[in-house]
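Thanks for sharing this one. Here are a few notes to read alongside the structure.

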Amino acid sequence: MQEQPEPPFAPGLTARVELTVTDTDTAQAVGSGDVPVLGTPRVLALAEAATVAATATRLPSGSTTVGTRVELEHRAATPVGRTVAARAELVKVDGRRLTFEVVVTDGNEVVATGRVERALVDRQRFVERAVRAS
């Protein structure tokens, strides 16, 4: 009987990434509003960065993950100069589909919560398919 390789990902994987908000991260700068606070697209990018970091050290050779679905609730405004942190936790693995819960905080305040789904793909095939489609 051949031994099965251990799956690269299991629920419980976590990662945390931080961002100090600058003028280029504001809603004004990213085109999502006209106020000088952290823009929702940057919150989303930070949440996704945390999910990428959670899987980075366990990716099989030649593989990557790509975002497939996001649900995000941006609850609080964060001014320029503050540091926010996104923590992602892998909560479900369904074949190649990975589901993360993400919480973004500014100190003790919850700035955003959400779920991010990613799919494990062969990097080269994914890029080749994207180029052919364009």
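Where is the place of Arg-82? Arg-82 sits in the loop between β2 (63–74) and β3 (83–94); helices (H or I, at least four residues) and strands (E, at least two) are DSSP runs, numbered from the N terminus.

1. A word on the basis. This is a predicted model, in which local features need pLDDT of at least 70 and side-chain atom pairs count only at pLDDT 80 or more, while totals for chains, interfaces and linings use all residues. Residues are numbered from 1 along each chain as its sequence is written, and side-chain values use heavy atoms, with hydrogens and water left out.

2. Surroundings of Arg-82. Arg-82 counts as partly exposed because its relative accessibility is 40%; buried is under 20% relative accessible area, exposed over 50%, and partly exposed in between (1.4 Å probe, protein chains only). Beyond neighbours within four places in sequence, Arg-82 is in contact (heavy atoms within 4.5 Å) with Leu-19, Thr-20, Val-21 and Asp-106.

3. The strand beside it. In β1 (residues 14–20) side chains alternate: Ala-15, Val-17 and Leu-19 are buried on one face, whereas Thr-14, Arg-16, Glu-18 and Thr-20 point to the other and are not. β1 pairs with β3 in the antiparallel sense over seven bridges (pairing needs at least two DSSP bridges), and Thr-20 has Thr-83 as its bridge partner in β3.

4. The core. The largest nonpolar core (buried Ala, Val, Leu, Ile, Met, Phe, Trp, Tyr and Cys residues joined through side-chain atoms within 4.5 Å) has 24 residues. α2 (40–56) is one of the elements supplying at least two of them, and its five residues are the largest share.
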